[in-house]
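I opened the model today to look at one strand and one helix. My notes follow.

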Amino acid sequence: MGKVTGFLEYDRKNEPYKPVEERIQKYEEFTIPLDKPEIKNQGARCMDCGIPFCHSGCPLGNLIPDFNDAVYRERWEEAASILHGTNNFPEFTGRLCPAPCEEACVLGINEDPVTIENIEKNIAEEAFKNGWVKPNAPEKRTGKTVAVIGSGPAGLATAQQLNRAGHSVTVFERDEKPGGLLRYGIPDFKMEKHVIDRRLAILEEEGIVFKCGVHVGKDIKADALKNDFDAVVLSTGATVRRNLPIPGSDLKGIYQAMDFLPQNNRRVDGLEWKGEEIKATGKDVIVIGGGDTGSDCIGTSIRHGATSVKNFEIMSKGTPERPENQPWPYWPMRLRTSTSHKEGAERFFSISTKKFVGDENGNLTGLVTAEVEWTHKPGERPTLSEVPGTEKEWKADMVFLALGFTGSEPTVAEQLGIKMDARTNIEASIDNYMTNVPGVFAAGDSRRGQSLIVWAISEGRQAAHHVDTYLMGSSDLPLKGDGDLPRV
């Protein structure tokens, strides 16, 4: 694969970024693309490793050595065909995926791994630029109808796969535009929304119908929808936010991250929003939660012109190196520093918020924390304990809770009589993605809980195969690892 000695000749090279002082003035992507000769060199680093563990690291089973080799040989259209054979939306994953494939790269055992994610993004961009991504409508229709509820990556992948099988697919989305968290959660500086819109144009030309501003369970009863379609797929995501039930949590100035981020995305897009305006301009901001959502709140607050931004994480500070108990090729819980962190935020680890502090008018003025210690015992869950004498009060005008999600909203499941597990995820068999209600399936975060975009696309593709089998008795739609014929 690639150049046999490429990994010895070329070092890993990532896309550089525009200077911080320039990029924080705009809500635009700020990476500087590498030129084609350099991307070719990066593809050349892909080794003839015998067993490509990157395949097992990728939830989609992308044929990574194959498209790397095509890029090295400057066969870009071939690379695009290979990539689209297993991934419906590489332009999304090439920007947003944390790249578990790179952590599983054989070269990564003792060197920097291949820049798989960046190569993927460049293949996708080259495909769109050259018109290789074209509508691929089915030659004939089956007469079967499918309703997909939710238009995030799982719903979009499900819809495209089922449409390719010849079924008539309608996607219902409660927001004003499709895309789910891709549109209303991910900031534009990580992915501009025209990237979604150009893909949606392809899906619509292929025959998929989008009905936006329709809240299934409220505007349309879910059981009525089931009666109108031959199959229903729930891809509504895991949208129930985790709260922080401590004293003072009702003070003005404390917001959920997923109230803040969608509002800002709507503002950037020139759309209206309901409720109070949330802006961090001139505020001392504290973001509680050290994951991607917290990072997005940091970058957005800095672009608003916050006076200061601090980030609290209850977990211990990771190490840049792979922990000893998480060997290659497993995903390591190492310290990860995002571009937003580097834009001016202070990070604090092993810290727990005990209470919020406010003034006589109910406005937030600060919070109180304590340092914590984690105890790890073999075979047991880690335990948390407060370090005595470490209480500290912090000034804050605004706090964002980026604590993740606890599960799916129950309305649709209740209307359909669908079972949910203890985490309020929809129970659907891993064997066929069907719920306890015949003809109703689930995919993505609504089934597996809060996860990655690459897992959402994978779930959508898997679910589509099983929906097709339910409707037709068998399916030619690929499952992961089937070796799908490349198709743009």
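Entry 1, strand pairing. I am working from a predicted model. I started with β4 and its link to strand β16, residues 440–442. The two pair in the parallel sense, over three bridges. I looked for the partner of Val233 in β16 and found Phe441 standing opposite.

Next I checked strand β1, residues 145–149. β1 also runs parallel to β4, and I count four bridges between them. Here Val148 is the residue opposite Val233. So much for pairing.

Entry 2, faces of β4. Is each face of β4 covered or open? I went through residues 231–234 and found both faces covered. Ala231 and Val233 lie on one side, and both are buried. Val232 and Leu234 lie on the other side, and they are buried too.

Entry 3, helix α15. I moved on to residues 292–304, a helix of 13 residues. From first C-alpha to last, α15 reaches 18 Å, close to the 18 Å expected at 1.5 Å a residue.

How many residues of α15 are buried? I get eleven of the 13, so I noted the helix as mostly covered. Among the buried ones are Asp296, Arg303 and His304. Gly294, Cys297 and Ile302 are also on that list.

What do these buried residues pack against? I listed two helices, α2 (20–23) and α14 (257–268). I also listed three strands: β7 (284–288), β8 (308–312) and β14 (398–401).

Last, I looked just past the end of α15. Gly305 follows the helix, and its phi is positive, near 95 degrees.

Key: Residues numbered from 1 in each chain as written. Predicted model: local features only at pLDDT ≥ 70, side-chain atom pairs only at ≥ 80, totals over all residues. Heavy atoms only, no water. Buried < 20%, exposed > 50% of the residue type's maximum accessible area, 1.4 Å probe, protein only. Pairing = 2+ DSSP bridges. Expected span 1.5 Å × (residues − 1). Contact = heavy atoms within 4.5 Å.
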